[in-house]
Amino acid sequence: MPPRLNQELATADQQPWYQLRLPPLLEKIYQQDTAAHRMRRYRLFGAIGIVVFMLYGLVDRFYLPDVYQRVWIWRWLWLPGFAALTIACSFWRPFQPYYEYSVVLASTPSCWG
């Protein structure tokens, strides 16, 4: 273990329980070590989320026919397309640090309709 990390852990150990957090160096190591696993999980859950979101389109179609005419293009085309594009871009390494932000941007319009 690097000496700096030992020092940061010792300092963190002195903090009250409600202020506990990983020391910056350990946080960086943790983020690097878990990045690939988190990205795979994000992609899988993103794809499942697209399918679930589109299934709500069936609810719109059969139970809210007056609303369906206004929202079908968002429910079936724009938002799922943007979410799929976000997932596809997640395979491009320079985009990965911004992936979580893009998910927020892709999902926010779904709250409007």
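Here are some worked exercises on the predicted model shown above.

The model is predicted: local features need pLDDT of at least 70, side-chain atom pairs count only at pLDDT 80 or more, and totals for chains, interfaces and linings use all residues. Residues are numbered from 1 along each chain as its sequence is written, and side-chain values use heavy atoms, with hydrogens and water left out.

**Exercise 1. Confidence**

Task: find the mean pLDDT of the chain, and say in which helices confidence is lowest and highest.

Solution.
- Start with the term: pLDDT is the predictor's confidence in each residue, on a scale from 0 to 100.
- Over the chain, the mean pLDDT is 85, and 96% of the residues reach 70 or more.
- Now go helix by helix, where helices are DSSP runs (H or I, at least four residues) numbered from the N terminus.
- Confidence is lowest in α1, at a mean of 79, and highest in α2, at 90.
- A reminder for reading any model: where pLDDT is low, the predicted coordinates should not be read in detail.

**Exercise 2. Span and bend of two helices**

Task: compare the spans of α2 and α3 with the expected values, then locate the kink in each helix.

Solution.
- The expected span of a helix is 1.5 Å times one less than its number of residues.
- Helix α2 (residues 24-63) has 40 residues, and a straight helix of that length would span 58 Å.
- Between its end C-alpha atoms, α2 spans only 51 Å.
- Helix α3, with 25 residues, reaches 34 Å from its first C-alpha to its last, close to the expected 36 Å.
- For the kinks, the bend at a residue is the angle between axes fitted to the seven residues ending there and the seven starting there.
- In α2 the kink is about 50 degrees and is centred on A35; in α3 there is one of about 65 degrees, centred on V71.

**Exercise 3. Buried faces**

Task: list the buried residues of α2 and α3, and name helices that cover them.

Solution.
- Take the classes first: buried means under 20% relative accessible area, exposed over 50%, and partly exposed in between (1.4 Å probe, protein chains only).
- In α2, the buried residues are L25, T34, R38, M39, R43, I50, F53, G57 and D60.
- Their cover includes α1 (3-13), α3 (65-89) and α4 (99-107).
- In α3, the buried residues are Y68, V71, R75, L79, P80, A83, T86 and I87, and their cover includes α2 and α4.

**Exercise 4. Five residues up close**

Task: decide whether T86, L25, P109, N6 and P3 are buried, partly exposed or exposed.

Solution.
- T86, in helix α3, counts as buried because its relative accessibility is 5%.
- With contact meaning heavy atoms within 4.5 Å, T86 touches F95, Y99, S102, V103 and A106, not counting residues up to four places away in sequence.
- L25 lies in helix α2 and is buried, with a relative accessible area of 18%.
- Leaving aside neighbours within four places in sequence, L25 is in contact with R4, L5 and E8.
- P109, in the segment after α4, is buried at 18% relative accessibility. P109 and W74 are 35 residues apart in sequence and 8.9 Å apart in space, C-alpha to C-alpha.
- N6 lies in helix α1 and is partly exposed, since its relative accessible area is 40%.
- P3 is also found in helix α1, and counts as exposed at 66%. P3 and Y63 are 60 residues apart in sequence and 63 Å apart in space, C-alpha to C-alpha.

**Exercise 5. The largest pocket**

Task: give the volume of the largest pocket and describe its lining.

Solution.
- On a 1 Å grid over the protein atoms alone, a pocket is an open set of points where a 1.4 Å probe fits, with protein on both sides within 12 Å along at least five of seven lines; lining residues have an atom within 4 Å of a point.
- Grid points are joined across faces, edges and corners, and a volume is the space filled by probe spheres set on the points.
- The largest pocket has a volume of about 350 Å³.
- Its lining has 17 residues, of which G46, I50, A83, V103 and S107 lie nearest the centre.
- The elements giving two or more residues to this lining are α2, α3 and α4.
- The largest share, 6 residues, comes from α2.
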